[in-house]
Amino acid sequence: MLIRRGRDVPSSEITPYETYLDRRRFLRTAAVGAAAALVPGSLAACNEAGGNEGAGGESTSGEAVQEELTPYEHVTGYNNFYEFGTGKEDPARNAHTLVTRPWSVAVEGHVAKPAVYDLEDFIAPHKLEDRTYRLRCVEAWSMVIPWRGFPLRDLIARVEPTASAKFIEFFTLLDPAQMPLQRTGILDWPYNEGLRLDEAMHPLTLMVTGLYGKDLPNQNGAPLRLIVPWKYGFKSIKSIVRMRFVEEMPRTAWMKAGPTEYGFYANVNPDVDHPRWNQDKERRIGEFRRRDTLMFNGYADQVASLYTGMDLRRNF
Ligand SMILES: Nc1nc2c(c(=O)[nH]1)N[C@H]1C(S)=C(S)[C@@H](COP(=O)(O)O)O[C@H]1N2
Ligand SMILES: [Mo]
């Protein structure tokens, strides 16, 4: 993600991936094979079995994608988490200051059963699932990540939203002592995001606690984050401490930072250009070629009906 700094930001600033890759290559030469050892063996096997490159990600289950997984080192080394810095390698370097235990999550607003849950209580009633989804950043890179979590709708059922609940607003932890960039004004903290209730209820929408079969690393949003695979990555808010069921559409941190660039819906849409760049191509992290970006990030069959009758150019 980018902050608009007064005027246009040169596009050279938005693709530090090459720089990152060069540095990785150097590190790999320096420490032979160390990075490969990070990938659990079972998942490396799954990786080999999963490759139907270019097939558009059709899945057998209708939910998970079957594409080559993005290596663990990239998933956990190339991140966006502005609370820890604006560079892609900053979160991995800096997020160790985040204390993820104990952790509680407040669920409030228009629900019959508001509660403050301890993390373990929050997760315990739900059956954790492993699902591989694409994550597509508005900056035109993407990854394929095996997430672990539970459908958000299982939680929604538990708190019993009332008739006034039309949206859910999510909040990241606010604590500048742990999240150093919260001492700056680069975003309106705490980071917040929102979903319409039917989007939140969609079976693809996941509350995530882990990836690659392990607990989430801090830089990926430990101990609890959202994943909405058909939307741009910024909707997938990290390190959630509060969820509020509301009647009005929330104004999100990115909408406040750049209202013409970051809309509430943020559905991945190759037909709607970002004001400063095209959205029709992306680069899968770990590959050099550019791929076509798919409508709804490839999940159109499952989610397009949520937006029937809406003008997706106006509701970007
Ligand atoms: N709290 C918080 N959540 C956040 C962000 C952030 O800066 N702060 N960045 C978002 C963006 S822009 C993206 S692309 C994804 C990146 O997730 P990843 O680092 O696990 O790949 O996290 C999203 N969630
Ligand atoms: Mo992003």
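The exercises below, each with a worked solution, concern a predicted model of a protein chain.

**Exercise 1. Describe the overall make-up of the chain: which secondary-structure elements does it have, and what percentage of its residues count as buried?**

Step one is to take the elements, and the chain has nine helices and twelve strands. Step two is to take burial into account: of the 316 residues, 53% count as buried. Step three turns to the surface, where the accessible area of the chain comes to about 13700 Å², with 53% of that area belonging to carbon and sulfur atoms. The last step concerns the contacts with a separation of 6 or more, of which 70% are between residues 24 or more positions apart.

**Exercise 2. Find which residues of the largest nonpolar core touch the most other members, and trace the contacts of Met 243.**

The core has 79 residues, and those touching the most other members are Phe 122, Trp 147, Leu 152, Met 243 and Phe 245. The largest share of this core, six residues, is supplied by strand 4, which covers residues 141–151. Leaving aside residues up to four places away in sequence, Met 243 touches Ala 106, Val 107, Glu 108, Phe 122, Leu 152, Leu 155, Ile 168, Glu 169, Phe 170 and Met 207. Two of these partners, Phe 122 and Leu 152, also appear in the list of core residues given above.

**Exercise 3. Decide how strand 6 is placed in the structure, and work out which way its residues point.**

Begin with burial, for which the cut-off is under 20% relative accessible area. Five of the five residues of strand 6 (residues 192–196) are buried, so the strand is largely enclosed by the rest of the structure. Next, separate the two faces: Asn 192, Gly 194 and Arg 196 point one way, while Glu 193 and Leu 195 point the other way, and all are buried. Finally, consider the pairing, in which strand 5 (residues 167–172) runs antiparallel to strand 6 and is joined to it by five bridges. Within this pairing, Ile 168 has Leu 195 as its bridge partner in strand 6.

**Exercise 4. Classify the ring pair of Tyr 265 and Tyr 307, and explain why it ties together separate parts of the chain.**

The structure holds 13 aromatic pairs. For Tyr 265 and Tyr 307, the ring centres are 6.1 Å apart and the planes stand at 85°, so the pair is edge-to-face. Tyr 265 lies in the loop between helix 8 (253–257) and strand 11 (281–284), whereas Tyr 307 lies in the segment after helix 9 (300–303), so the pair ties together parts that are 42 residues apart in sequence. Both tyrosines, Tyr 265 and Tyr 307, are buried. As a further step, place the pair in its cluster, which is formed by Phe 167, Phe 264, Tyr 265, Phe 296 and Tyr 307. Lys 235 lies over the face of one cluster member, Phe 264, at 4.2 Å from the ring centre.

**Exercise 5. Establish whether Glu 199 is buried or exposed, and list what it touches.**

Glu 199 lies in helix 7, which covers residues 197–201. With a relative accessible area of 0%, Glu 199 is buried. Not counting residues up to four places away in sequence, Glu 199 touches Thr 205, Trp 230, Lys 231, Phe 264, Tyr 265, Leu 306 and Tyr 307. For Glu 199 and Tyr 307, the separation is 108 residues in sequence, and the C-alpha to C-alpha distance is 9.7 Å.

**Exercise 6. Locate the cis peptide bonds before Pro 102 and Pro 223, and compare the burial of Glu 160 and Ala 266, which have positive phi.**

The bond from Arg 101 to Pro 102 is cis, with omega near -10°, and Pro 102 is in the loop between helix 4 (90–94) and strand 1 (104–109). The bond joining Ala 222 and Pro 223 is also cis, with omega about -5°, and Pro 223 is in the loop between strand 8 (214–215) and strand 9 (225–227).

Turning to phi, Glu 160 has a positive value of about 55° although it is not a glycine, and Glu 160 is found in the loop between helix 6 (152–159) and strand 5. Ala 266 has a positive phi near 50° and is placed in the loop between helix 8 and strand 11. As for burial, Glu 160 is partly exposed at 35% relative accessible area, whereas Ala 266, at 4%, counts as buried.

Conventions: Residues numbered from 1 in each chain as written. Chains lettered and ligands numbered in written order. Predicted model: local features only at pLDDT ≥ 70, side-chain atom pairs only at ≥ 80, totals over all residues. Heavy atoms only, no water. Core = buried A, V, L, I, M, F, W, Y, C linked by side-chain atoms within 4.5 Å. Buried < 20%, exposed > 50% of the residue type's maximum accessible area, 1.4 Å probe, protein only. Helix = DSSP H or I, 4+ residues; strand = E, 2+ residues; numbered from the N terminus. Contact = heavy atoms within 4.5 Å. Areas by Shrake-Rupley, 256 points an atom, 1.4 Å probe, with all protein chains shown as cover. Pairing = 2+ DSSP bridges. Phe/Tyr/Trp six-rings, centres within 6.5 Å; stacked < 30°, edge-to-face > 60°. Lys NZ or Arg CZ within 6 Å of the ring centre and 35° of its normal.
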